[in-house]
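Dear colleague,

I am passing on to you the structure shown below, together with an account of what was found in it. Please read the account with the structure open beside it.

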Amino acid sequence: MPYVWLGEIMKDVAVIGIGMNRWGELWQKSIRDLIAESALLALEDAGIDRVEAMYIGCMSSGLFTDQEHLGAIAPDYTGFCPVPGTRVESACASGGAAFRTAFAHVASGLSDIVMVVGVEKMTDVDGAKATFALATAADQEYEVYNGVTFPGLYAMMANHHMHKYGTTRDQMAQVAVKNHKNGMKNELAQFRTEITIEQVKNAVMVADPLTILDCSPITDGSAAVVLCSMDTAKKLTKKRLVKVVGSGHASDTIQLAQRSDFSSLKSTALAAQQAYKMANRKPADINFAEVHDCFTIAEIMVIEALGFVEAGKGGKATIDGLTAIDGKIPVNASGGLKSKGHPVGATGVAQIVELVKQIRGEAEPGRQVKNANIGLAQNMGGSGASSVVHILEGV
Amino acid sequence: MVGIVGYGAYIPRNRIKVEEIARVWGADAPSYKKGLMLQEKSVPGPDQDTITMAVEATRNAIKRAGIDPRKIGAVYVGSESHPYAVKPSGTVLAEAIGAVPDCHCADFEFACKAGSEGMFVAMSLVKAGEMEYALGVGADTSQGAPGDALEYSASAGAAAFIFGDKDLVAECHFTHSFMTDTPDFWRREHQFYPRHASRFTGEPAYFKHSLGCAKAIMEKAKMKPSDFAYAVFHQPNGKFPMNVGKMLGFKKEQLEQGWLSPTLGNTYSGASPIGLTAILDVARPGDMILMVSYGSGAGSDGFIWKVTDRIKEVQDRAPKTRAMLDSPRRKYLDYGTYTKFRGKIKKLEN
Amino acid sequence: MPSPRYWREMPQRYRYEASKCSKCGKVLFPPRIICPACGSRNFTLTHIGNEGKVVTYSVIRVAPSQFVDQAPYTVAIVDLGEGVNILCQIADCEPDEVKIGMDVRLEFRKIQQEGMDGIICYGYKGVPK
């Protein structure tokens with residue numbers, strides 16, 4: 001059965017408000033604080049004081065904080081019960097999936113103004129418990145049972161990519177170097193430090209060939225956006241209008257071993273195809289992108305899956321500067337997951353925040369993309385078992 | 001006539017040398033090597049235990065037997081290192097080979113002769129006409145207390161035997177068991193390491209029962225040592241089995257093929273059973289084999305086997321015992337890694 | 001590890017039981033209710049092979065808590081033929097000896113255990129042939 005987009009958008013949707021806190025190890029802040037903080041920033045940015053519904057992207061508040069029912073916590077602590085909340089979960093793609101759900105909510109006309117909050121509070125538990133919680137994104141019985149970790153799964157994809165296409169360690173390390181260079185200038189990033197290729201390669205090995213500096217960190221943080229119909233947006237906002245022109249979402253087998261190819265991301269490719277079709281755009285039309293660099297190799301495979309480069313050429317493109325801030329298509333001007341941090345459920349929403357910031361021209365100097373008009377956000381769950389792609393365009 | 005339809009063994013890959021253990025404890029390696037005739041022993045990996053080795057040995061036995069495992073009516077595992085104190089090793093083995101659910105099962109314990117006792121009972125059920133096939137396994141990952149003499153020899157291995165009354169590779173002509181209450185070596189409930197009564201484990205224990213059993217079975221059979229092509233005894237070290245064999249009148253050539261302890265160590269419930277598999281790997285039709293196990297506490301099980309023509313069809317169907325013992329892939333451990341693998345290091349329990 | 005969860009997967013972990021789709025022949029390991037290739041709900045019992053080749057691998061050095069004592073260890077995707085690929089550890093092999101294309105055989109091993117008083121969980125690992 002071919003996988004094409006057959007729907008119809010009833011109303012144009014715009015993003016009129018964004019909010020995000022500084023990410024890091026936020027000992028003083030509980031998950032409720034994190035939700036409220038970014039939600040209130042987004043409301044302020046939108047110039048409104050209330051929404052009609054909330055969607056919360058969060059991978060596992062239960063395992064990290066023993067707290068479920070975020071669909072109640074979010075409106076409660078943002079101060080506007082009886083507004084309804086719904087938690088959306090798709091592992092690390094929770095944020096993107098929550099945004100897509102909110103987009104559909106507004107596009108259908110069910111409500112006019114809807115908020116999405118992405119959040120994850122990861123540092124209350126110790127490293128072992130955090131690893132355990134993150135591992136629930138993989139196949140419990142046939143992957144995690146046998147002792148594989150997430151770095152291990154991506155490391156196997158890296159080894160396969162290196163074997164098949166000749167991708168090198170330096171090319172992979174360059175992803176982290178580039179993203180740190182961008183993240184250094186991002187006031188909200190967790191790690192605002194520069195690193196070198198040698199540092200990446202010589203850092204502690206986690207799962208051959210990935211070192212600790214090839215891997216995104218454990219982070220507390222949240223991000224929020226407000227969506228509404230384009231008509232309402234024109235009335236409400238004085239800032240540049242940003243329209244959601246494309247949305248795509250696809251799944252793949254949960255087990256890496258059952259995929260049709262071990263060094264490509266089919267779910268991302270299919271989600272992107274849907275988004276391009278809805279937006280009536282091609283990869284070459286995209287000015288900049290925020291992608292899911294949970295591990296350095298992931299960014300390389302993602303830019304191939306998005307059609308920015310041919311299969312197998314992602315490593316070379318990275319080291320040649322195609323995706324640098326001054327390259328043809330800047331990728332992860334925010335610092336990506338590597339430098340900005342990866343509070344799992346927040347990541348997908350933070351990517352939308354970044355797209356809007358860039359399109360409005362509000363990014364910090366040194367990481368503002370020139371001519372940022374059309375941006376793409378790609379969010380991914382597990383080892384690529386789910387992927388969400390959005391395309392936003394400045395009006 | 002009942003006997004062995006298929007046999008198989010399993011020896012793990014890791015080893016540790018006597019010199020390495022002696023180095024850490026400041027002991028005199030040459031005297032251990034000479035006195036006990038031991039050079040090195042097998043060590044189970046952290047992912048191996050009595051059950052995993054029993055499964056692999058049984059898979060080899062099934063390859064040689066060529067039977068449908070669903071026809072196995074009883075599964076008995078003898079060991080002194082069953083992974084569970086309550087929940088038989090045999091249930092996992094029976095499930096792994098597909099003998100479940102219509103199957104008898106229980107674990108056996110009698111120090112180093114638990115394996116041979118399991119063999120005897122399994123075979124007897126077939127002899128009694130209760131079932132078509134039965135499985136008896138001897139397997140151990142035995143522990144020696146750090147710095148104790150037994151640390152030089154306590155090792156790991158498994159042997160599995162499928163018994164039936166047709167298509168035999170070896171007929172069982174006689175059995176005999178000889179046992180008393182003799183506290184030569186024991187382990188109390190909840191204790192991690194066993195204890196032993198030093199030199200008392202020799203003459204009144206190992207030798208009394210091995211000799212008593214061997215003499216009784218040969219008298220039963222009206223046979224003498226020269227009637228046998230091979231003899232295999234329990235092997236707590238390299239020295240004892242050679243001595244007991246000589247005392248009975250066997251020649252070195254009859255004892256060598258089944259004599260594995262110098263490079264295998266003492267695989268406890270696996271010892272004489274694994275020795276038997278090494279003999280069967282090279283035996284020829286018509287060969288008579290004497291097997292006498294020994295378990296502390298104490299007792300010996302004796303068997304007289306006669307090899308049939310079918311042995312030649314099966315020897316190559318599964319890995320041979322000496323090939324596993326002498327594998328070029330074996331890995332020598334340092335004492336630190338050895339104690340980590342054997343769980344001898346006291347860790348923070350979480 | 002809850003007992004029911006462990007017990008349900010025993011036929012796969014102990015005996016390599018799989019399902020073969022009666023309509024399109026796809027081998028499903030583990031078995032499922034519906035064939036993802038053709039949508040059929042009818043299957044026959046089959047077994048995956050116990051020999052294969054390493055397709056890709058990695059060496060886990062920072063391990064989850066139940067596996068900490070075994071680190072570093074190798075995990076690999078092994079092609080068992082008939083379109084079946086599985087993930088398993090590679091045992092009895094130094095990490096730097098593992099190669100893409102290496103032949104392995106599945107062996108019964110202890111995979112993990114729940115502390116000193118929980119159940120012991122068994123399964124398969126690939127060992128070099």
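Arg15(B) stands opposite Ser42(B), a residue of strand 3 of chain B. Please bear in mind throughout that the model is a predicted one.

**The sheets of chain B**

The pair just named belongs to strand 2 (residues 14-17) and strand 3 of chain B, which run antiparallel and are joined by four bridges. Both strands take part in an open sheet of three strands, with the order 3-2-14 and mixed pairing. Strand 3 (40-43) and strand 14 (331-332) of chain B are the edge strands, and each pairs on one side only. Helix 1 (residues 18-25) of chain B packs on this sheet, where it touches strand 2 and strand 3 of chain B; the direction of the helix makes about 55 degrees with that of strand 2 of chain B.

Chain B also holds an open sheet of nine strands, in the order 5-4-6-7-1-8-13-12-11, again with mixed pairing. Its edges are strand 5 (104-108) and strand 11 (230-233) of chain B; each has a single partner strand, so one side of each is left without a neighbour in the sheet. From one strand to the next, the twist averages 20 degrees.

At one of these edges, strand 4 (residues 72-78) of chain B runs parallel to strand 5 of chain B, and five bridges join the two. Within this pairing, Gly78(B) has Phe108(B) of strand 5 of chain B as its bridge partner. Helix 4 (residues 89-97) of chain B packs on the sheet and touches strand 4, strand 5 and strand 6 (133-141) of chain B; its direction makes about 135 degrees with that of strand 4 of chain B. Helix 6 (residues 202-221) of chain B packs on the sheet as well, touching strand 8 (170-182), strand 11, strand 12 (288-292) and strand 13 (297-307) of chain B. The direction of helix 6 of chain B makes about 140 degrees with that of strand 8 of chain B.

**Chain A: domains, strands and core**

The domain assignment of chain A gives domain 1 (13-126 + 219-236) and domain 2 (151-216 + 244-394). The centres of the two domains, taken over C-alpha atoms, are 23 Å apart. Across the boundary, 35 residues of domain 1 of chain A are in contact with 33 residues of domain 2 of chain A. On the domain 1 side, at least two residues each are supplied by strand 1 (13-20), helix 4 (94-107), strand 4 (113-120) and strand 7 (221-229) of chain A. Helix 4 of chain A provides the largest share of that side, eight residues. By class, the side comprises 21 nonpolar, ten polar and four charged residues.

Strand 7 of chain A merits separate mention. Nine of its nine residues are buried. Strand 1 of chain A runs antiparallel to strand 7 of chain A, with seven bridges joining them, and strand 4 of chain A pairs with strand 7 of chain A in the antiparallel sense over eight bridges. Cys228(A) in strand 7 of chain A stands opposite Ala14(A) and also opposite Ile113(A).

Which residues have the most contacts inside the largest nonpolar core? They are Val15(A), Val226(A), Leu227(A) and Val349(A), in a core of 274 residues. Helix 14 (residues 344-360) of chain A gives the largest share of this core, nine residues. Leaving aside neighbours within four places in sequence, the contacts of Val15(A) include Val226(A), Leu227(A), Val242(A), Ile352(A) and Leu392(A).

**Chain C and its contact with chain B**

Chain C is divided into domain 1 (1-48) and domain 2 (49-129). Their centres, taken over C-alpha atoms, are separated by 20 Å. Ten residues of domain 1 of chain C are in contact with 14 residues of domain 2 of chain C. The elements that give two or more residues to the domain 1 side are helix 1 (3-8) and helix 2 (10-15) of chain C. That side divides into seven nonpolar, one polar and two charged residues.

The contact between chain C and chain B takes 15 residues from chain C and 18 residues from chain B. On the chain C side, helix 2, strand 7 (103-113) and strand 8 (120-128) each supply at least two residues. Strand 7 of chain C gives the most, with four residues. This side has seven nonpolar, one polar and seven charged residues.

With kind regards

Methods: Residues are numbered from 1 along each chain as its sequence is written. Chains are lettered from A and ligands numbered from 1 in the order in which they are written. This is a predicted model: local features need pLDDT of at least 70, side-chain atom pairs count only at pLDDT 80 or more; totals for chains, interfaces and linings use all residues. Domain bounds come from an automatic or database domain assignment. Two residues are in contact if their C-beta atoms, placed from the backbone, lie within 7 Å. Ala, Val, Leu, Ile, Met, Phe, Trp, Tyr, Cys and Pro count as nonpolar, Asp, Glu, Lys and Arg as charged, and the others, Gly among them, as polar. Two strands pair if DSSP finds at least two bridges between them. Axes are lines fitted to C-alpha atoms, for helices over the stretch in contact, and angles run from 0 to 180 degrees between N-to-C directions. A nonpolar core is a set of buried Ala, Val, Leu, Ile, Met, Phe, Trp, Tyr and Cys residues joined through C-beta atoms within 7 Å. A residue is buried if 20 or more other C-beta atoms lie within 10 Å of its own, exposed if 12 or fewer, and partly exposed in between; C-beta atoms are placed from the backbone.
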